[in-house]
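I opened this model to look up a few things in turn, and I note below what I found. The entries follow the order in which I went through them.

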Amino acid sequence: MTIKIAMIGVGLIGGSLSLCFKGKPGVTVMGYAHLEELKDKYIASGVVDAATLSLEEAVQDADFIFLCVPVGLLESYFEQLSRLPLKKGCIITDVGSTKASIAACAEQIRLKEAYFIGGHPMAGSERAGVDAASAVLFENAYYVLTPSVHVPEEAYGRLSELLAYTRAQIVRVEPLLHDDIVGAISHLPHVIAVALVNQVREYNESNPLYKMLAAGGFRDITRIASSDAIVWRDILLSNRDVLLELLKDWNSQMSSFTTMLEQKNGEGIEDAFRQAREFRSVLPERRKGMISPLFDLYTDVQDAPGMIGKIATELGTNDINLSNLEIIENRVDVPGIMRLSFRQEEDMERAKTLLASLGYQVWI
Ligand SMILES: NC(=O)C1=CN([C@@H]2O[C@H](COP(=O)(O)OP(=O)(O)OC[C@H]3O[C@@H](n4cnc5c(N)ncnc54)[C@H](O)[C@@H]3O)[C@@H](O)[C@H]2O)C=CC1
Ligand SMILES: O=C(O)C(=O)Cc1ccc(O)cc1
């Protein structure tokens, strides 16, 4: 069986998806570029099998079409696709960071013989362009899909099956709920990071010592302020209503700090820090992701480097899929704990039995 995938926009996300699919049995990836120099670059970088400047040629006979352009261009591409001859049963999906506007567009322009399923891989970086693409970008991340009621389960299943190549975990979410949640956990933090960096940038104009001393921590917590301006302009404008509400709440959080400082309310400041720490401590600790937890197993660590190799080999030999392995060190002079995370509860149970039989002390 052959599968043709058309990638419309081969940047960080389109390029990373292409790398996940290219070379898989029967799969060919065709990139669409809107500029001649990009077409040559896509081919030269080896992320796609072929590239074209013609949208019609890119999508001809495609089984899957991925729209990987900035959010502000999604509707125009969707509309163009609805007027092109597409393969019967073709699945069009997107990777936009907002889901309500493209879902509304797909609701208005009903495709005849193709299906639209909105998508959002919940992983990325502050980098942009095909040079930043990576085959492992989505591993261990969540991948949101927002199928409408008109999409048959068969089509949803076909897309989920293809996305298994990304090694991400599929989560089904309603578009409006997606935008509310992602607005709070991703879009608002980007706004805050940019505002914070710009505030310090302005202070720095009168005293360059700000920049000099801002190395390290400040740089780390504001990493996302280096994200692509066009991509983020489109995301914020597309999720404008949600963000306006979130910013009202953010302003009231800031006002509460202003009041506590004016009133020298030390107890209130302590409470704010304690409440934040408590909630943060129950956030899932996996590096990428948002909703469902992993299944975790713990064991004492005597010799971390040696044990990691041994345990990973034992699990691999027994076909147990380990999702993540982490050493949690509390103090430098005290042996830490190893956390083994599994996507499937069954894998965790099998690992527990296996490691216990090998003499390891394990607990959940
Ligand atoms: N940056 C991130 O970490 C994430 C981004 N997304 C979403 O993925 C989408 C793509 O973003 P990135 O890959 O980060 O951006 P990018 O800038 O790396 O890639 C965008 C691609 O679209 C192409 N493009 C720009 N204008 C075009 C046009 N008029 N016609 C055709 N192609 C055009 C660019 O040449 C580039 O290949 C956006 O909708 C974004 O919201 C989703 C998850 C994570
Ligand atoms: O750089 C980071 O950490 C990100 O926040 C990446 C990111 C950007 C946009 C998305 O829609 C999802 C993930």
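**Strands and sheet**

I began with strand β5 (residues 91-94), which runs parallel to β6 and is joined to β6 by three bridges. I looked up one of the partners and found that I91 is bridged to Y115 in β6. I keep in mind throughout that this is a predicted model.

I then traced the sheet as a whole, which is open, has eight strands and mixed pairing, and follows the order β3-β2-β1-β4-β5-β6-β7-β8. At its edges I find β3 (50-52) and β8 (169-172), each with a single partner strand, so that one side of each is left without a neighbour in the sheet. For the twist I note that neighbouring strands of this sheet are turned by 25° against each other on average, direction ignored.

**Helix α1**

Is α1 enclosed or open to the outside? I counted 10 of its 10 residues as buried, so α1 is largely enclosed by the rest of the structure. Among the buried residues of α1 I list L12, I13, G14 and G15, and I see that the cover over the buried residues of this helix includes β1 (3-8), β2 (27-32), β4 (64-67) and β6. Just after α1 I noted that G23 takes a positive phi of about 85°.

**Ligand surroundings**

Around ligand 1 I find 25 residues, of which G9, G11, I13, S97 and G124 are the closest. At least two residues of this shell come from each of α1 (12-21), α4 (71-82), β6 (115-121) and α10 (229-238), and α1 gives the most, with three residues. By class I record 14 nonpolar, 10 polar and one charged residues in the shell around ligand 1.

Which domains contribute to the shell around ligand 1? I find at least three residues drawn from each of domain 1 (3-173) and domain 2 (178-281). The protein also has domain 3 (295-363), and I note 37 Å between the centres of domain 2 and domain 3, taken over C-alpha atoms.

Turning to ligand 2, I list S97, M122, A123, G124, S125, E126, S186 and I224 as the residues around it, which divide into three nonpolar, four polar and one charged.

**Loops and backbone angles**

I next checked phi, with the general expectation that most residues other than glycine have a negative value. N140 has a positive phi, near 75°, and is found in the loop between β6 and β7 (142-147). With 18 C-beta neighbours inside 10 Å, N140 counts as partly exposed.

D319 also came up, since its phi is positive at about 55° although this residue is not a glycine. I place D319 in the loop between α13 (304-317) and β10 (324-328). Is D319 buried or exposed? I count 8 other C-beta atoms within 10 Å, so D319 is exposed.

Last I looked at D63, which lies in the loop between α3 (55-59) and β4 and is partly exposed, with 18 other C-beta atoms within 10 Å. Setting aside neighbours within four places in sequence, I find D63 in contact with I3, K4, I5, K87 and C90. I also looked up D63 against I311, and the two are 248 residues apart in sequence and 41 Å apart in space, C-alpha to C-alpha.

Note on methods:
Residues numbered from 1 in each chain as written. Chains lettered and ligands numbered in written order. Predicted model: local features only at pLDDT ≥ 70, side-chain atom pairs only at ≥ 80, totals over all residues. Near = placed C-beta within 6 Å. Helix = DSSP H or I, 4+ residues; strand = E, 2+ residues; numbered from the N terminus. Nonpolar A, V, L, I, M, F, W, Y, C, P; charged D, E, K, R; others polar. Domains from an automatic or database assignment. Buried ≥ 20, exposed ≤ 12 C-beta atoms within 10 Å, placed from the backbone. Contact = placed C-beta atoms within 7 Å. Pairing = 2+ DSSP bridges. Axes fitted to C-alpha atoms, helices over the stretch in contact; angles between N-to-C directions.
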